[in-house]
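Let's walk through this model together, starting with one pair of strands and working outwards. Please keep the viewer open as you read.

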Amino acid sequence: CGIRTVVIHPCASVFSAFGQLFARPEHRTSVPLRAALPGAFVWVADAARRAVAALPAAGGGEVAVSAAVRVVGTELPIELSLDPAAGPDALVASFEQAYRQRFGYVAAGALEVVEVRARWGGPRPEWPAVRSAWGVGAAPVAGPRVVHTPTTSIVVPVGWTARAADDVLLLECVAAMGGPDLHDHAGVAVWSTRFVAVAEEAGVALQRLARSVSIRERRDFSCGVFDGAGRLVASAPHVPVHLGAMGETVRDLIRTTDLWPGGAWAHNDPAAGGSHLPDITVVTPVSLDGAQVFVACRGHHVDVGGSTPGSMPPRASRRDEEGIVLRHLCLVDRGGAWRDPSAALAGCRDVPTVIADLRAQVAANASAAAALARLGDGATVTRWMGRLLATSEAAVRDAVARLGSGDAADVIDGVPLRLAVRRAGSGLRFDFTGTGGPHPGNLNAPPAVTRAAILYALRVLVGGVLSLDEGALGGVEIVLPTGSILDPPADRAVAGGNVETSMRVADLVLRAIGGFAASQGTMNNLTIGGDGWAIYETIGGGQGAGPRGRGPSGRQIHMTNTRATDPELLESRAPVAVRRMALRRGSGGVGRHDGGDGLIRELELLAPARVSLLATRRDAGAPGQLGGGAGAPGADFVRWPGGAWLPWDGATVTLPAGARVRVETPGGGAIGETVAPTSVSGSGLRVG
């Protein structure tokens with residue numbers, strides 16, 4: 001796949017220990033500072049002199065001086081090499097270049113130096129000449145064979161040769177390197193991994209730079225790579241309900257907007273690929289030698305307005321009750337400058353945090369764009385994108401005979417869900433005819449959400465040969481009744497469709513053609529907010545049993561792949577205390593293979609707050625399969641200070657400091673003949 005020569009050092013297998021043996025001594029010192037640029041540069045130069053003077057006196061070696069510079073009012077400085085003799089203009093120019101490279105747009109605002117650092121590195125030790133008995137000489141030896149040394153063994157594959165040269169071993173490719181079909185399986189695996197690595201690198205940048213607990217700690221975000229037509233090519237293992245829907249957002253951007261490389265657009269409109277309003281997608285076009293591709297990331301923001309903190313009102317019926325709608329809002333202009341979105345975010349309760357997270361998303365896209373550019377020229381990259389999509393489509397078509405046909409049904413808050421899966425030539429037809437709705441509240445799911453749920457389920461059923469990309473839907477036909485809960489009118493609320501109905505659709509597919517029992521079927525969306533703060537959590541539960549064993553307990557299921565917030569972090573960022581987090585023993589369905597157990601999460605408020613819970617599966621539990629028992633339904637409670645636990649229907653309630661909230665999540669369904677079920681009662685569980 002382009003690598004022609006591999007150089008192997010004699011100590012390749014023990015480099016870590018080898019490097020430590022010959023590591024040079026080092027000393028560091030720093031001087032804290034708050035010096036504005038360029039005016040207070042004299043302070044910076046003085047701090048540099050003091051930092052160098054504080055280093056231990058030693059002969060030889062090297063001294064390096066650096067400055068930590070940031071935009072005033074931001075949190076993350078950038079460390080830059082500092083030469084006091086070069087003056088302030090050189091430092092400002094260096095910062096602007098580094099800032100644009102890291103964040104994807106031009107720095108805006110006054111600059112300050114927050115710290116000056118000095119580092120002394122001792123003389124580099126002499127690296128000894130290391131020789132190895134490779135067992136081969138200077139003449140090339142063809143593979144396949146294994147070369148053994150005292151510290152390692154090297155496999156020489158077919159099409160490669162090995163020879164000793166200057167104390168190293170050279171592996172050289174002698175096979176012809178043709179187009180994408182020559183080494184197809186290896187090429188697909190390598191390029192799939194490369195594209196996934198681009199998305200993973202973007203995710204690391206987004207998590208590191210974001211401010212909110214939702215994105216930084218819970219990791220409620222997703223990053224993906226898209227081809228020139230806006231089809232998802234690769235993604236990191238993030239949130240499935242985001243990933244399968246983002247392609248619709250990218251395609252709508254292509255259809256409706258004048259684009260330029262390096263620009264960035266924010267979007268959350270459910271009518272064009274959005275999932276629900278707190279999920280804001282940022283899309284960036286990337287030019288690779290004239291070939292245009294896209295990178296995008298979607299993150300769940302702390303608040304986008306609406307009738308309740310966290311923008312997940314459980315009783316909303318209209319979309320305008322859920323928050324603001326953004327339709328391809330430009331964040332980075334043609335000149336690379338940041339466009340302040342404050343006016344468009346005027347309805348948000350925590351505008352600074354939303355903007356900080358949007359900046360992090362732009363930076364994540366910039367990271368992904370740079371990583372894509374390192375992969376090769378535009379023709380090579382786009383050729384392999386097409387090959388990966390075709391491979392996934394072929395994998396689904398090959399699996400059609402094994403997946404077969406099937407039907408499944410469910411009811412969500414009184415609205416029937418129906419699915420018939422049938423073979424359609426070499427593809428599959430997912431027909432939701434008979435599904436009711438629209439839902440009078442917010443359980444309506446935009447079509448992109450249903451598409452994402454089907455993509456996720458196919459990825460689960462087809463197995464490891466299939467990556468999570470839209471090629472898998474190439475042989476798939478989806479039939480959605482117009483005006484139903486799965487294709488609702490444009491003004492209907494959708495917050496619950498993304499988090500609740502998507503779970504049921506994934507379950508329907510897995511039950512119809514995969515033989516799985518239903519899982520908890522809800523994300524148990526808990527939002528708590530007070531004056532100037534808001535937190536949002538999804539809470540795991542029981543997974544349905546599979547054909548080969550019981551369902552796991554206490555997991556984030558199917559369409560969500562977020563984390564539970566660590567108690568220390570949650571308690572440091574919001575006035576709440578975690579009083580209990582435990583498995584809800586016995587809540588899984590009972591059968592030949594039991595369903596997984598749900599969870600119990602109990603929080604105490606340390607300040608007055610409004611609390612809401614958007615959750616389903618409270619009246620009936622997750623259905624079993626083949627006679628297996630259903631899981632226990634969820635149960636929820638609130639307790640005023642000094643009072644008793646009271647049942648709670650999830651409606652928004654204002655609670656005082658000292659009140660507690662307890663969420664008991666559903667268990668998963670079982671598979672196989674049911675034995676005597678275990679009774680589960682919320683009131684019988686321990687309370688604090």
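How many bridges join β17 to β18? Seven bridges do, and the two strands run antiparallel. Two strands count as paired here if DSSP finds at least two bridges between them. Helices (H or I, at least four residues) and strands (E, at least two) are DSSP runs, numbered from the N terminus.

Before going further, a word on provenance: this is a predicted model, in which local features need pLDDT of at least 70 and side-chain atom pairs count only at pLDDT 80 or more, while totals for chains, interfaces and linings use all residues. Residues are numbered from 1 along each chain as its sequence is written, and side-chain values use heavy atoms, with hydrogens and water left out.

Back to our pair of strands. Ala408 in β17 has Leu419 of β18 as its bridge partner. If you look at β17 from either side, you will find a covered face made of Gly406, Ala408, Asp410 and Ile412, and an uncovered one made of Asp407, Ala409 and Val411. Ala408, the partner of Leu419, therefore belongs to the covered face. The hairpin of β17 and β18 has two residues between the strands, and Asp413 takes a positive phi near 50 degrees there. Asp413 counts as exposed, at 55% relative accessibility. For these labels, buried means under 20% relative accessible area, exposed over 50%, and partly exposed in between (1.4 Å probe, protein chains only).Now move to another hairpin, that of β9 and β10. Strand β9 (residues 160-165) pairs with β10 in the antiparallel sense over six bridges, and Arg163 has Leu170 as its bridge partner in β10. Two residues lie between β9 and β10, and Asp166 in the turn has a positive phi of about 55 degrees. Strand β10 also pairs with β1 (residues 5-8), again in the antiparallel sense, over four bridges. In that pairing, Thr5 is matched with Glu172 of β10. How enclosed is β10 (residues 168-173) by the rest of the structure? Five of its six residues are buried, so β10 is largely enclosed.

Within β9 you can pick out Thr161, which counts as buried at 10% relative accessibility. Not counting residues up to four places away in sequence, Thr161 touches Pro140, Val141, Ala142, Val156, Leu170, Leu171, Glu172 and Val174, where contact means heavy atoms within 4.5 Å. Ala142 is 19 residues from Thr161 in sequence, yet their C-alpha atoms are 4.3 Å apart in space.

Some backbone details deserve a look. Most residues other than glycine have a negative phi, and most peptide bonds are trans. Against that background, the peptide bond from Gly143 to Pro144 is cis, with omega near 10 degrees. Pro144 sits in the loop between β6 (141-142) and β7 (145-148). A second cis bond runs from Gly437 to Pro438, also with omega near 10 degrees, and Pro438 lies in the loop between β19 (427-431) and α9 (447-462). His328, although not a glycine, has a positive phi of about 50 degrees. You will find His328 in the loop between β15 (291-300) and β16 (329-332), where it is buried with a relative accessible area of 11%.

For a helical stop, try Ser367 in helix α7 (residues 351-375). Ser367 is buried, with a relative accessible area of 15%. Leaving aside neighbours within four places in sequence, Ser367 is in contact with Glu201, Ala202 and Ala205.

Finally, zoom out to the whole chain. The protein chain has eleven helices and 29 strands. Its radius of gyration is 28 Å, close to the 26 Å that the globule rule gives for 688 residues, so the chain is as compact as a globular protein of that length. That radius is taken over C-alpha atoms, and the rule is 2.2 Å times the number of residues to the power 0.38. Along the principal axes, the C-alpha atoms fill a box of roughly 75 × 65 × 55 Å. Of the 688 residues, 56% count as buried. Among contacts between residues at least 6 apart in sequence, 69% join residues at least 24 apart. The chain exposes about 27200 Å², with carbon and sulfur atoms supplying 53% of it; these areas come from the Shrake-Rupley method with a 1.4 Å probe, and for residues only the protein chains shown count as cover.
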